[in-house]
Amino acid sequence: MNEAGSAKVTANQGEATVKNASTFRVTTPTDQEIRMTRVFDAPRHLVMDAFSKPELLKRWLLGPPGWEMVVCNVANKPGERYRYEWRNTATGHQFGTGGVCRETSPGRIVHTEVMDGQPGESVVTTDFVEEGGKTTVTMTLLFESKEIRDMALKSGMERGVAASYNRLEELLASGQA
Amino acid sequence: MQRRSQQLDAIFAALADPTRRAIVARLASGEASVMELAKPFAMSQPAISKHLKVLERAGLISRGQDRQRRPRRLEARRLAEATRWLERYRKIWEGNFQRLDALLEELKTQEKSSGAKR
């Protein structure tokens, strides 16, 4: 009885996840921006909690598989500094990012961001709009130049998994040669 | 590696323009001459040719064999190379957001049960 009940819940959650995943959009609205839009099946205050409380951030803001968040100092007031750091559990490689909180209001978080090893500071504006119990999150990353924006787009590569894929590709290529 | 990165920069720069993206979209459904490409745009042939040159330099398009029409065709492999970056970026964030979906389900349940106790 219990088993059947829990199986049903899992199936429903699975559907919800797939449905939400299909709402995900990544666009480059201008030369200097990256914009991400995603719908979450939860009210705004819970989604904003998940974006601002360290114990919650540590559970989802992890990037590629194999990374854990080891530093999560949040800034929830204008002028405060935040710092996030991740560590690759396999390689021990560490990566971090940080900046200053510029604005917090119901429905909006604005902060600056400087990623380790990358030039320039970006401004990240995150808007949370609730409608019918669902929350649409829009993150707009504004970079100092197009060149820096493009580097950030490619930064998935520098963040670990991708870097090891690269090494693997190189190994395979040299083996074939 | 340096050259590779410069090639990617050229691809991104070429695709930053809406007209050039429209041209790429058109060529995705088959090769076309400059005249055919110019038609849907309110643009002169020389203006279109300028855009084509940028796409050609980035390696995104090439010229077909037909000497008269000189049809342009899409170099799909080069395009795939560029969109891979955006796709990877997307994948990383989708991973984050799917974990967030699961966390939010948990938070909603917690909130409901604490509300029920009250």
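These numbered points cover a predicted model of two chains, A and B, with most attention to chain B.

1. Confidence. The model scores ipTM 0.74 and pTM 0.66. For chain B, the average pLDDT is 84, and 92% of the residues score at least 70. Within chain B, confidence is highest in helix H4 (residues 45-57), at a mean of 93, and lowest in helix H1 (residues 2-15), at 73. As a caution, where pLDDT is low, the predicted coordinates should not be read in detail.

2. Layout of chain B. Five helices and two strands make up the elements of chain B. Read from the N terminus, their order is α-α-α-α-β-β-α. Of the 118 residues in chain B, 22% are buried. Among the contacts in chain B with a separation of 6 or more, 54% are between residues 24 or more positions apart.

3. Helix H4 of chain B. How does the span of H4(B) agree with its 13 residues? At 1.5 Å a residue, a span of 18 Å is expected, and the end C-alpha atoms of H4(B) are 18 Å apart, so the two agree. The buried residues of this helix are Ile48(B), Leu52(B) and Leu55(B). They lie on the same side of H4(B), because they cover an arc of only 55° around the axis. The general background is that an α-helix has 3.6 residues a turn, so residues three or four places apart point the same way. Pro46(B) and Lys53(B), on the other side of H4(B), are exposed. After H4(B) comes Gly59(B), with a positive phi near 80°.

4. The largest nonpolar core. This core has 16 residues, and those that touch the most other members are Ile11(B), Ala14(B), Leu55(B), Ala58(B), Leu60(B) and Ile61(B). Two or more residues each come from H1, helix H2 (18-27), helix H3 (34-38) and H4 of chain B. H1(B) gives the largest share, four residues. H1(B) is also where confidence in chain B is lowest. In soluble globular proteins, nonpolar side chains tend to be buried together.

5. Ile61(B) and its contacts. Which residues are in contact with Ile61(B), leaving aside its neighbours within four places in sequence? They are Leu27(B), Leu52(B), Leu55(B), Glu56(B), Arg72(B), Arg73(B), Leu74(B) and Glu75(B). Of these, Leu52(B) and Leu55(B) are buried residues of H4(B).

6. A second core. Separate from the core above is another one of 14 residues. Its members include Ala50(A), Leu57(A) and Val137(A), together with Leu100(B).

7. Where the chains touch. Chain A gives 28 residues to the contact and chain B gives 23. On the side of chain A, helix H1 (2-21), strand S2 (33-40), helix H2 (44-52), helix H3 (54-60) and helix H4 (146-158) each supply two or more residues. H4(A) supplies the most, with five residues. Sorted by class, the chain A side has 16 nonpolar, five polar and seven charged residues.

8. Ala21(A). Is Ala21(A), in helix H1 of chain A, buried or partly exposed? Ala21(A) has 14 C-beta neighbours inside 10 Å, so it counts as partly exposed; a buried residue would need 20 or more. Apart from its neighbours within four places in sequence, Ala21(A) is in contact with Glu94(B) and Gln98(B). Ala21(A) and Phe40(A) are 19 residues apart in sequence, and their C-alpha atoms are 9.1 Å apart in space.

Terms used
Residues are numbered from 1 along each chain as its sequence is written. Chains are lettered from A and ligands numbered from 1 in the order in which they are written. pLDDT is the predictor's confidence in each residue, from 0 to 100. Two residues are in contact if their C-beta atoms, placed from the backbone, lie within 7 Å. Ala, Val, Leu, Ile, Met, Phe, Trp, Tyr, Cys and Pro count as nonpolar, Asp, Glu, Lys and Arg as charged, and the others, Gly among them, as polar. A nonpolar core is a set of buried Ala, Val, Leu, Ile, Met, Phe, Trp, Tyr and Cys residues joined through C-beta atoms within 7 Å. A residue is buried if 20 or more other C-beta atoms lie within 10 Å of its own, exposed if 12 or fewer, and partly exposed in between; C-beta atoms are placed from the backbone. The expected span of a helix is 1.5 Å times one less than its number of residues. The arc is that of the directions from the helix axis to the C-beta atoms.
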